[in-house]
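This briefing goes through one structure by topic. Look at the sequence and the model first, then read the points below.

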Protein chains: 2
Amino acid sequence: MIKVGLFGYGNLAKGVDCAIRQNPDMELKCIFTRRAPESVSPITAVPVYSADDVLSHKDEIDVLVMCGGSATDLPEQTPAMAEYFNVIDSFDTHKNIPTHFANVDAKAKKGNKVSIISVGWDPGMFSLNRLYADCILRDGADYTFWGKGVSQGHSDAIRRIEGVVDAKQYTIPVDEALESVRSGAQPNFTTRQKHTRECFVVVEEGADKARIEKEIVTMKNYFDEYDTTVHFISLEELRRDHSGIPHGGFVIRTGRTGKDLENNHVIEYSLKLDSNPEFTASVLVAYARAAYRMNQEGISGCKTVFDIPPAYLSDKSNQEIISTLL
Amino acid sequence: MIKVGLFGYGNLAKGVDCAIRQNPDMELKCIFTRRAPESVSPITAVPVYSADDVLSHKDEIDVLVMCGGSATDLPEQTPAMAEYFNVIDSFDTHKNIPTHFANVDAKAKKGNKVSIISVGWDPGMFSLNRLYADCILRDGADYTFWGKGVSQGHSDAIRRIEGVVDAKQYTIPVDEALESVRSGAQPNFTTRQKHTRECFVVVEEGADKARIEKEIVTMKNYFDEYDTTVHFISLEELRRDHSGIPHGGFVIRTGRTGKDLENNHVIEYSLKLDSNPEFTASVLVAYARAAYRMNQEGISGCKTVFDIPPAYLSDKSNQEIISTLL
């Protein structure tokens, strides 16, 4: 049994808790939190410890799954833990990945542990599909579309507007853009041509809806480059129809082969997810297995999904995956 | 520069010849054939040698791409070459893969070389997608659909019928079956429910079309379990409209996560290929790079796509793939 610890216990960690139950070779051993441990009620009944005590439990667990946020938690926490534990994180602040990688790599090598960073679906499975497709179709172009799904960052941005009680924002890929990519045309898109944004907003009684709508659709970096639709709804409607955290998207590469590049090919990978955090958690758990197994073989240092042989993710033997999946 | 040799020079090898031109770190060095060498006209002007002389050129090439057929060529040729060269093959007779693996592994280990077998899209990229999806969505079901594309085996079977001059057979996935899978329903299908078969047949003047059609649609193992449509066309029409070798297909896994498995997810990978052999060749070339690099690091033995870290397929540095594709 691979013994897993969780650092943090929000939506992502709850997903990891559930995912571990679906993997018979793994068990959730304990949870570390910066909140008061007694205030945390895990889905699986395991001990909850203060994050301050994590090092005293270091021999009890094989892999620590870091469940904090990318903005401020993971840049501190993952390097801090990488010396003492095999760790997995879902760090997704793209431009800071090289720095994060270097910080984690130094610590993991010092402690002879394996860290795998930026695991999930994007970065993660989408990255893998971009890489495989790029290696196969050399003369081509790739496109990533996100959605239909909830963007937490955009929903939060709307909630900060005066008069807004609550909000959910959906990112939606434009069908015509998807079809154009699939045709092999290798189009160039503006931001506006690839995605639209749809907002469901609950406002205070008597709030100025026209002003709020204008603040949303003109918001710099978030909405101004998109065609945005705003729907004002009641709190009841928001809770009834928009309580989920669905997401998904498409990675498509088209490219040409042949003596005169006369043949076109389309590689398409897509996800349609009812729960973004639970799916991300399921990917984290598979990579937790890989980190443990690689470390058992004496490997150390920071890795990404690009470095992991796919077989290391599976609980099945090599014979079994060859006979059932190859 | 990675120096590549080709063993055989049919459609697949021509595709490899073209694909190498799209990979600036690789060069085609020479071709080995069982035909008279002077009868082979390669797309890229390189020496053509008799297959009998292959061992005398062993120090000239880094990777040998085996381009024979799975029925009789590869089971003999790949093990015979695996001791002396890093080799890649596209062996696709599924039930014999374990035996082929063992034969190749023994030779590759003896010669301290790397072999990668069963490379292409199915087995190959489809296998990888089945594995990744199986590791992520544990409570689920996966489905592979092929087409729309030309099945050479089925086309050949029609050509063997008395009175048939030439024929092309397309395998076509049933749209309703695809939609049912995408819904998350995890349906069980009969063979007939997943694919249909469409045949374009040229017959001799005065041939008995009714008898030929009946022989096709009732042919055991090939057509009897499918809904098959037969179109009789002229040789001119066949050449004009059906000279390509397109193929493709879909790998879809749906599965559930969450405390009560209440959330459904769909992972879908699809290919739409103008040229089946050229796409397969492009995959072979990427894995040829990986075989060479792994062998340079001292690795030996037989591998499958499941064993290869994705980064080994790329001609880009780790820094570059992290910053551009992760």
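A residue counts as buried when its relative accessible area is under 20%, as exposed when over 50%, and as partly exposed in between. By that scale A:R159, with a relative accessible area of 27%, is partly exposed. The structure is a predicted model. The points below cover its salt bridges, the way chain A and chain B are related, the interface they form, and one residue of helix 1 in chain A.

**Salt bridges**

- Side chains of opposite charge can pair when their charged atoms come close.
- Over all chains, the count of salt bridges comes to 38.
- A:R159 forms one of them with A:D166, and the closest N and O atoms of this pair are 2.7 Å apart.
- A:D166 has a relative accessibility of 24%, so A:D166 counts as partly exposed because this value lies between 20% and 50%.
- The side chains of A:K58 and A:D59 also meet in a salt bridge, at 3.9 Å from N to O. This distance still qualifies because the rule asks for a nitrogen within 4 Å of a carboxyl oxygen.
- Within this pair, A:K58 is partly exposed at 33%, whereas A:D59 is exposed at 71%.
- A:R240 and A:D241 form a salt bridge in which the closest N and O atoms are 2.8 Å apart.
- Here A:R240 is exposed, with a relative accessible area of 59%, and A:D241 is partly exposed, with 41%.
- Salt bridges that share partners can link up: A:D134, A:D142, A:R253 and B:K316 are joined into one network in this way.

**How the two chains are related**

- A turn of 180° with a shift of 0.0 Å along the axis lays chain B on chain A, with an RMSD of 0.0 Å.
- This is the relation of a two-fold axis.
- Of the interface residues of chain B, 100% are also interface residues in chain A, so the copies meet through the same surface.

**The interface of chain B and chain A**

- How many residues of chain B are in contact with chain A? There are 69, and they touch 69 residues of chain A.
- The size of an interface is often given as the accessible area lost when the parts come together.
- Between chain B and chain A, the buried area is about 6000 Å², and carbon and sulfur atoms give 61% of it.
- Four salt bridges are found across this interface.
- B:D134 forms a salt bridge with A:K316, with the closest N and O atoms 2.6 Å apart.
- There are also 31 residue pairs in polar contact across the interface.
- Several elements of chain B each supply at least two residues to the side that touches chain A, among them helix 3 (97-111), strand 12 (247-257) and helix 10 (276-296).
- Strand 13 of chain B gives the most to that side, with eleven residues.
- The residues on the side of chain B that touches chain A divide into 33 nonpolar, 19 polar and 17 charged.

**A:D17 in helix 1**

- A:D17 lies in helix 1 (residues 11-21) of chain A.
- Is A:D17 buried or exposed? At 0% relative accessibility, A:D17 counts as buried.
- Apart from its neighbours within four places in sequence, A:D17 is in contact with A:L6, A:Y9, A:L28, A:P42, A:I43 and A:T44.
- A:D17 and A:S282 are 265 residues apart in sequence, while their C-alpha atoms are 9.5 Å apart in space.

Note on methods
Residues are numbered from 1 along each chain as its sequence is written. Chains are lettered from A and ligands numbered from 1 in the order in which they are written. This is a predicted model: local features need pLDDT of at least 70, side-chain atom pairs count only at pLDDT 80 or more; totals for chains, interfaces and linings use all residues. Side-chain values use heavy atoms; hydrogens and water are left out. Buried means under 20% relative accessible area, exposed over 50%, partly exposed in between (1.4 Å probe, protein chains only). Copies are superposed by least squares on the C-alpha atoms of residues with pLDDT of at least 70 in both. Contact means heavy atoms within 4.5 Å. Buried area is the accessible area (1.4 Å probe) that two parts lose on being put together, summed over both. A polar contact is a pair of N or O atoms within 3.5 Å; within protein, one must be able to donate a hydrogen and the other to accept it, and residues adjacent in sequence count only if both atoms are side-chain atoms. Helices (H or I, at least four residues) and strands (E, at least two) are DSSP runs, numbered from the N terminus. Ala, Val, Leu, Ile, Met, Phe, Trp, Tyr, Cys and Pro count as nonpolar, Asp, Glu, Lys and Arg as charged, and the others, Gly among them, as polar.
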